[in-house]
Every structure is written in structure tokens, then in C-alpha cells.
Amino acid sequence: MKSLLIVYHSQSGSCARLACAARRGAIREASLQITLLRAWDAGARQMAGADGLLLVAAENSGTLSGAMKDFLDRTLYPSIKRDLVIPYALLISAGNDGRGACAQAERIAAGYPLVRAAEPVIVRGEYSSAQAQAATELGEAFGTGLSMGIF
Ligand SMILES: Cc1cc2nc3c(=O)[nH]c(=O)nc-3n(C[C@H](O)[C@H](O)[C@H](O)COP(=O)(O)O)c2cc1C
């Protein structure tokens with residue numbers, strides 16, 4: 001059974017809800033083990049056990065939110081040491097932009113290497129049902145691809 005690790009950081013709750021929506025999508029794939037963790041609680045051990053990684057974070061001041069950056073910083077060297085190559089997907093929540101966080105996350109991912117499994121998704125404004133749907137679809141697509149061995 002393939003495993004999907006969903007890591008999120010959220011200040012106001014938007015990214016937490018998006019991460020849960022993504023899990024709801026991924027869970028539709030019955031043969032997938034899903035772990036949902038706050039960035040503060042996730043580390044190299046969880047990365048090592050994951051077949052896929054979904055990152056959910058906000059854009060703060062034009063960059064990736066601090067806790068998500070911290071998670072990626074903490075796991076970089078251990079991941080390189082373990083020769084990990086993990087497919088990843090990215091979900092960014094932003095007030096009105098999100099491109100800075102997205103670009104930063106993709107640049108960091110390229111150094112791992114994390115391999116892009118899907119186009120990054122940026123949702124803007126307040127959490128809404130449309131955002132939930134976008135997150136669910138991303139989770140489902142990623143989960144399905146993982147369990148089918150596409151990524
Ligand atoms: C300190 C701070 C800085 C922010 N900077 C940006 C920004 O540069 N660009 C943007 O589009 N939104 C920005 N926002 C809005 C957040 O990205 C947006 O509210 C997001 O949904 C927050 O998700 P979270 O509360 O789950 O962390 C910022 C919010 C905060 C609190």
C-alpha cells in the first residue's frame with residue numbers, strides 16, 4: 001500500500017481546512033495510507049516513510065509560511081542522506097497572490113529532489129467551498145496517481 005504524507009501550516013485555519021479537504025479527496029483511493037500532520041509535528045522520519053508528499057501552506061509576506069519553510073529546512077539534509085526522491089504536490093493559500101510562496105517552494109523542492117507530481121494549486125481569498133473542492137480534487141488526483149504507481 002502506498003502512503004501519502006500531507007503536511008500543512010496554518011495560522012487562521014484556512015490551510016488546515018484545505019489540508020483536510022485534500023485528505024478527503026485522497027481517502028477516496030482505498031488503497032492509500034494517509035498521514036496528516038502539522039508542519040511543526042512532521043520531520044525526516046515521516047518523510048522517509050512517505051511515497052508522496054502534499055504540502056499545504058500560506059503565502060506570508062511574499063514567501064512560503066515560516067513553519068513550512070522550517071519543515072523543509074529540517075528535512076533537507078536527512079532526505080538527501082537517505083537518497084529520497086519523493087513526488088510532491090503543492091497547495092498554496094493566499095490573500096490575493098501566492099506566486100512568491102509557490103516559486104519559493106518549487107525552488108526548495110528542486111534541491112531535494114522532490115519531483116513535481118502535479119501543477120501547483122493556488123487558492124486566493126477566504127476559505128470557501130470552491131477552495132475545498134480544488135483541494136479535494138488535488139488530493140484525489142495525487143492519491144490516485146500514487147496508488148496506481150504513476151508517480
Ligand atoms: C503575516 C501575513 C502575511 C501575509 N502575506 C501575504 C502575501 O504576501 N500575499 C498574499 O497573497 N497573502 C498574504 N497573506 C494572506 C494569507 O496568505 C492568507 O490569509 C492565507 O489564507 C492564510 O492561511 P492560514 O491562515 O491557514 O495560514 C498574509 C497573511 C499574514 C497573516
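Two residues are in contact if their C-beta atoms, placed from the backbone, lie within 7 Å. The structure is a predicted model, in which local features need pLDDT of at least 70, side-chain atom pairs count only at pLDDT 80 or more, and totals for chains, interfaces and linings use all residues. Residues are numbered from 1 along each chain as its sequence is written.

**Exercise 1.** Determine which residues Ala 22 touches, not counting residues up to four places away in sequence.

*Solution.* Step 1: Apply the contact criterion to Ala 22; the partners are Ile 6, Leu 54, Val 56, Leu 91, Ala 135, Thr 136, Leu 138 and Gly 139. Step 2: Place Ala 22 in the largest nonpolar core, which has 43 residues. Such a core is a set of buried Ala, Val, Leu, Ile, Met, Phe, Trp, Tyr and Cys residues joined through C-beta atoms within 7 Å; buried means that 20 or more other C-beta atoms lie within 10 Å of a residue's own. Step 3: Ala 22, Leu 54, Leu 55, Val 56, Ala 57 and Leu 91 have the most contacts inside this core.

**Exercise 2.** State how many bridges join strand E1 to strand E2.

*Solution.* Step 1: Locate E1 at residues 2-8 and E2 at residues 32-38; strands are DSSP runs of at least two residues (E), and helices of at least four (H or I), numbered from the N terminus. Step 2: The two strands run parallel and are joined by 7 bridges, where pairing requires at least two bridges found by DSSP. Step 3: Within this pair, Leu 5 stands opposite Thr 35 in E2.

How values were computed: Buried ≥ 20, exposed ≤ 12 C-beta atoms within 10 Å, placed from the backbone.
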